[in-house]
Amino acid sequence: MYQRILIANRGEIALRIIRACRELGIETVAIFSEADRGSAYLDLADEAYCVGPAKAADSYLRIANVISAAEVGNVQAIHPGYGFLAENAHFNEVCRSCNIDFIGPMPEAMAQLGDKNAARDLAKRAKVPVVPGSDGLIESPEQALKFAHEVGFPVLIKAVAGGGGRGMRVASNDLALKSALQQAQAEAQAAFGNGAVYLEKYVEQPRHVEVQVIADHHGNAVHLWERDCSVQRRHQKLIEESPSTSITPETRAEMCEAARRLILEANYTNAATVEFIVDKDGKYYFIEVNARIQVEHPVTEMVTGIDLIKQQILVASGEKLPFTQDDVVQKGHAIECRINAEDPKRNFQPSPGRIERLIAPGGFGVRFDSHAHSGYVVPPYYDSMIGKLIVHQPTRREAIATMLRALSEMRVDGIKTVIPLHVEILSHSAFAEGRIDTTFVERTFMAT
Ligand code: MV4
């Protein structure tokens, strides 16, 4: 087991990882940018090093600076958290070439899943349902038209190097498809340095359901059931929950087993999320794999009772998973609300600044994962999430009531947050009835 690890991240996830390490008896080395200097959570690490100026590209994303901190801090492993360098296969490789374990998948598995078309091929090999589409890359407008006519309009053009909704284009007829193809290729080339695209049938008003999986270096892979992340706006998730109200018990069992098969087929190790979309008929289709721990991992932790960060560290160090598939049961219902420093009244414009007073909620079934506190200054340089409010109760109905109670206790003075929107969503009859898809928030709450 490791004696000392570096956390290549900031904010709530850095604090989350420091907490897991403390409980495992592992020393921690934190890093910070100039904008995060003096952040209170840094005091909880054994050491902390500055890796550069405020801009992420010059600090948290600077591989040489992060590796230098790891060398000076004399760590055996690096936990990347999410975002920043978490899915950078080159960084992953550099860590390992410096004899530092990367707490995540091996670089080859990460690179394979980073190619969305290769991931789709992998899913097909593992007999996991994929959306009907082009079997392979689109080489010409003629080929795109041929596939579109086979699967039927509307179709969606996706970038091989995309993911998370970046570089996607819908087309509903031949003419639109030709220009969408050019635009998508140019956009993908500019954004990812890779203009390769493929095509899928467009699934309308899908629900987003994802499966948590973890695998060790001894051939064991276990799924930890699903999360429903359909409550989102412009690909930014707002509320996540487990179990999902979007699927039947039969679909759940099938889908989770399919996710596990895919991860085994990829020879993948450590934590992964296998994303699916579910159509109006309840059919599920593989979309992509996220090769990292995700923001919403706590809802899975609450319903399974398994600390995912600890398990990531244990399997990275070579230990066997201490539980089998049969040990992992869903107990009760968990919901997470992301607390973002944004003004929902002003088109979710970021609202950085000093939190004059923070009152965190508590009580039965309430967890607040946050690095923020009264007097904390939210910097304008990074994403706007200042914390995650998670509740766990025996039933969904009770979980919603607890979340509304917790939100009503919470005070964040001095900046704007999305708390009022969360209250509206959780109070809505469609949410109560589980009638939610990925268009719900925009259809229901956004003016114009
Ligand atoms: C789709 C889709 C409809 N049809 N693929 C968006 C993010 C990326 N992970 C995949 N995404 C989608 N792929 C087909 N064939 C709709 C989406 C999508 C979406 C998926 C999950 C969560 C939110 C979403 C919001 C808009 C579109």
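**Close-up 1. V299 in helix 9 of the predicted model.** Let's start with V299, a residue of helix 9, which spans residues 297-304. With a relative accessibility of 0%, V299 counts as buried. Leaving aside residues up to four places away in sequence, V299 touches R227, E240, E241, S242, A334, I335, E336 and I390. One of these partners, I390, is 91 residues apart from V299 along the chain, yet their C-alpha atoms are separated by 6.9 Å.

**Close-up 2. Strand 14, with both faces covered.** Here we look at strand 14, residues 333-340. Eight of its eight residues are buried, so the strand is largely enclosed by the rest of the structure. On one side you will find H333, I335, C337 and I339, and on the other A334, E336, R338 and N340, all of them buried.

**Close-up 3. The antiparallel partners of strand 14.** Strand 11 (residues 236-242) pairs with strand 14 in the antiparallel sense, over four bridges. Within this pairing, I239 has C337 as its bridge partner. Strand 21 (residues 385-393) also runs antiparallel to strand 14, and eight bridges join the two. Look for I339, which stands opposite G387 of strand 21.

**Close-up 4. An open sheet of five strands.** The strand order is 3-2-1-4-5, and the pairing is parallel. At the edges stand strand 3 (47-52) and strand 5 (101-102); each has a single partner strand, so one side of each is left without a neighbour in the sheet. Strand 5 pairs with strand 4 (residues 77-79) in the parallel sense through two bridges, and A77 can be found opposite D101 of strand 5. Helix 2 (residues 63-73) packs on this sheet, touching strand 1 (4-7), strand 2 (27-33), strand 3 and strand 4. The direction of helix 2 makes about 155° with that of strand 3.

**Close-up 5. The largest nonpolar core and a second, separate one.** The largest nonpolar core holds 89 residues, and L6, I263 and F286 touch the most other members. Helix 1 (residues 11-24) gives the most to this core, contributing seven residues. Both domain 1 (4-103) and domain 3 (207-445) give residues to it, so this core lies between them. To find your way around L6, follow its contacts beyond four places in sequence: V29, I31, V66, A69, A70, V75, A77, I78 and H79. A second core, separate from this one, has 37 residues, among them C337, F368, L389 and M403.

Definitions and conventions: Residues numbered from 1 in each chain as written. Predicted model: local features only at pLDDT ≥ 70, side-chain atom pairs only at ≥ 80, totals over all residues. Heavy atoms only, no water. Buried < 20%, exposed > 50% of the residue type's maximum accessible area, 1.4 Å probe, protein only. Contact = heavy atoms within 4.5 Å. Core = buried A, V, L, I, M, F, W, Y, C linked by side-chain atoms within 4.5 Å. Domains from an automatic or database assignment. Pairing = 2+ DSSP bridges. Axes fitted to C-alpha atoms, helices over the stretch in contact; angles between N-to-C directions.
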